[in-house]
Amino acid sequence: MATLTRQDLNFGQVVADVLCEFLEVAVHLILYVREVYPSGIFQKRKKYNIPVQMSCHPDLNQYIQDTLLCIKPLIEKNDAEKVVVVIVDKDHRPVERFVFEICQPPLLSISSDSLLSHVEQLLRAFILKISVCDAVLTTNPPGCSFSVLVHTRDAATRNMEKVQVMKDFPWIVADEQEVHMKEPRLVPLKSMTSDIIKMQLYVEERAQKT
Amino acid sequence: AEGLAPSSVSNKKVILLPCRNPPSRERVQLWLEARRQYESLQNRR
């Protein structure tokens, strides 16, 4: 078994590619399951060898892609502690927060070529959990929208600024109101530990949504 | 909300979000209705 550091094989880039691809599928699915957009804009696609619902609205798809493109350099440098999909009500107050807590090990143990297929299996389990999460969550009020937040460090924002898309897609430091939720109900959905990524997903749900 | 801080400041934890909002549900609904009308016109031809 070979042990490699993060610098070998452009390890960070591989992890960022894998995670951003996963997050894209997850964001689409969350928006579908939580009915943020009309179900008519979603089409069934096959990802991780299972059917998932993905939007076919060009502006929405571009928005999600641009968001993840900006987050990617942070993940690559292991600077993204959490990526959060926040569903907000019509007054822009959070009603649900899907929190992806990400941790990358400093050393990578590669045992075989099946490494990525093992990660794919673990990510599939996340997708399956998201697709049934409406069973454990209460209905959201009408008129909800969403946003994607990233928990990082001040110095790491320099990596984001290098991305070309940032010029047309600027980011700001979030206000307390945009992130804070009073006494949320915590719903753990899934966690995984692999050689290249450790991740857990939980939902914070506002007690009174209406 | 404040803009991204210059690189010289401390390394404290921050939460970032995009300045731009995603398309609204209403705009997406209009797009969907227009697409359905277009598809129904195409089918009638």
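This briefing describes chain B and the sheet that its strand shares with chain A. The model is a predicted one. An open sheet of 7 strands with antiparallel pairing takes in β1 of chain B along with strands of chain A, and helices α1 and α2 of chain A contact strands of this sheet.

**Chain B**

- Chain B contains 1 helix and 1 strand, and of its 45 residues 20% are buried.
- The area that chain B exposes comes to about 3,400 Å², with carbon and sulfur atoms supplying 48% of this area.

**The shared sheet**

- Read across the sheet, the strand order is β8(A)-β1(B)-β7(A)-β4(A)-β5(A)-β10(A)-β9(A), which places β1(B) between β8(A) and β7(A).
- The edges are formed by β8 (171–173) and β9 (185–193) of chain A, each of which pairs on one side only.
- On average, and with direction ignored, neighbouring strands of this sheet are turned by 20° against each other.

**Where the two chains pair**

- Strand β1 of chain B, covering residues 13–18, runs antiparallel to β8(A) and is joined to β8(A) by 3 bridges.
- Within this part of the structure, A:Val173 stands opposite B:Leu16 of β1(B).

**Helices of chain A on the sheet**

- Helix α1 of chain A (residues 11–33) packs on the sheet, where it touches β4 (82–88), β5 (94–103), β7 (145–153) and β10 (198–205) of chain A, and its direction makes about 165° with that of β5(A).
- Helix α2 of chain A (residues 58–76) lies across β4, β7 and β8 of chain A and also across β1 of chain B, running at about 5° to β7(A).

Notes. Residues numbered from 1 in each chain as written. Chains lettered and ligands numbered in written order. Predicted model: local features only at pLDDT ≥ 70, side-chain atom pairs only at ≥ 80, totals over all residues. Heavy atoms only, no water. Helix = DSSP H or I, 4+ residues; strand = E, 2+ residues; numbered from the N terminus. Buried < 20%, exposed > 50% of the residue type's maximum accessible area, 1.4 Å probe, protein only. Areas by Shrake-Rupley, 256 points an atom, 1.4 Å probe, with all protein chains shown as cover. Pairing = 2+ DSSP bridges. Axes fitted to C-alpha atoms, helices over the stretch in contact; angles between N-to-C directions. Contact = heavy atoms within 4.5 Å.
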